[in-house]
Amino acid sequence: MPVTQLRRIVPAARLENVRYAIRDLACIADEVARQGHKILPLNIGDPLNFDFQTPAHMIEAVHQAMRDGKNGYSPSSGVKEALDAIRGEATRKGITNIQDVFVTSGVSETVDICLTALLNPGDNLLTPCPDYPLYSAVLAKLDIGLNPYYLNEEDAWQPDFDDIQKKITPRTRGIVLINPNNPTGSVCTRKMLEQIAELARRHNLVIFADEIYDKLIMDDGAHVAMAAVASDVPVVTFGGLSKNYLAPGWRIGWGIASGELSVIKPYLDGVNKLLRARLCANHPEQYAIKAALEGPQDHLLEVKRKLRSRRDLTVKWCAETSRVSCVAPRGAFYAYPSIDIPEGDDVFVTELIRQKYVTVVHGSGFGQRPGTKHFRIVFLPDEKTLTAAYSAIGDFMRERYR
Ligand SMILES: Cc1ncc(COP(=O)(O)O)c(C=O)c1O
């Protein structure tokens, strides 16, 4: 007799707060695609879905590593060759006082490990609002409430420094800064970095500097690393191969921990404990790190040329379209226009997929100031696709809101 399962198996209550709007929307898009419609995807930040390719010398380095038998587990922090290359790159960016470097399965795993190693129940972490949803998902998993600080649309999406100051409590352990930013495409000013560093000094905070897009700055001016302006402050800088080096499927990210050793050492012991517990990051792919960071950077010129042209097209469309306005993005490949509509931005995006087969992500999926509405555009598709998508969004808005 088979045993009948009578009680439903329910997931842990803390997952109530896990949201990942970007992938959730993809389910609706799949449904529409199954009905035979061609989707114009402006929602997922994977350059490999569009006309971008992983540099050949990186592929060759991984292939060679596999042929050389680098197919077992690697050391938990990563292979020496990769760690040296990451340190070298950090030094070139002006980061000193480096106390540890470790390779992970994407920045996603760096974030998971670094937050888990820091936070106790009752602690809180300042995260940007709007944010990249990975942070709130990891915090939900840890049963840690959100302590979001606003990014200021009126100030080109710079962090709202007054709001950050107001939100610090005795249990605040750190602050996340995403720069260049997802979803707004903004780039932090040096002055803002210095102000946040000063606040971290005063309140004993760890700064998590997510700089995964640091080589994708579209305008003049180099990216300034947070750790480079705050060598005495505990900073973990996140970087990886997914965006700058067009290899998101390889799942290679890293953390660079800097600051005073005596201050940061106990925390790093905790991070390393977790790194050992999960064995290691993907092994052969780690051999692409040196090839990426020290090899030819030609692909970046081409990538930035395409992004500039697609960004300009996007900004022009926003400026010409009623009910839409947008701060011009300067880095990464996202735009985050605000929209003036009489319904929720979640309704806007779901109806847009269903009626015009264009996928963007609603602002409420990232968090936003109450009363404001936005949507995030990924402007990775080519100009032809973007033009078709913007024309469809324009039609949709005219028909729906006239
Ligand atoms: C700001 C930010 N951090 C981290 C990640 C995750 O990166 P990875 O592919 O290295 O896990 C992303 C991916 O889109 C991102 O936008």
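## Exercises: the core and strand β7

The largest nonpolar core of this predicted model has 128 residues, and those with the most contacts inside it are Phe 208, Met 226, Leu 241, Ile 289 and Phe 348. Helix α12 (residues 383-401) gives the most to this core, with eight residues.

**Exercise 1.** Find what Leu 241 touches, leaving out residues up to four places away in sequence.

*Solution.* Start with the core: Leu 241 is among the residues with the most contacts inside it. Next, list its partners. They are Met 58, Leu 246, Ala 247, Pro 248, Trp 250, Ile 252, Trp 254, Glu 285, Ala 288, Ile 289 and Ala 292. Now check Ile 289: this partner of Leu 241 is also named among the residues with the most contacts in the core.

**Exercise 2.** Decide whether the residues of strand β7 are buried or exposed.

*Solution.* Take residues 206-210 and apply the cut-off: buried means under 20% relative accessible area. Five of the five residues are buried, so β7 is largely enclosed by the rest of the structure. Then sort the side chains. Val 206, Phe 208 and Asp 210 point one way, while Ile 207 and Ala 209 point the other way.

**Exercise 3.** Identify the strands that pair with β7 and the sense of each pairing.

*Solution.* Begin with β6 (residues 172-178). It pairs with β7 in the parallel sense over five bridges. Here Leu 177 stands opposite Ala 209. Trace the chain between these strands: it passes from β6 through helix α7 (residues 190-203) to β7, a right-handed β-α-β crossover. Turn to β8 (residues 235-240). Four bridges join β8 to β7, again parallel. Asp 210 has Phe 238 of β8 as its bridge partner.

Technical notes. Residues numbered from 1 in each chain as written. Predicted model: local features only at pLDDT ≥ 70, side-chain atom pairs only at ≥ 80, totals over all residues. Heavy atoms only, no water. Buried < 20%, exposed > 50% of the residue type's maximum accessible area, 1.4 Å probe, protein only. Helix = DSSP H or I, 4+ residues; strand = E, 2+ residues; numbered from the N terminus. Pairing = 2+ DSSP bridges. Right-handed = clockwise from strand over helix to strand, strands pointing away. Core = buried A, V, L, I, M, F, W, Y, C linked by side-chain atoms within 4.5 Å. Contact = heavy atoms within 4.5 Å.
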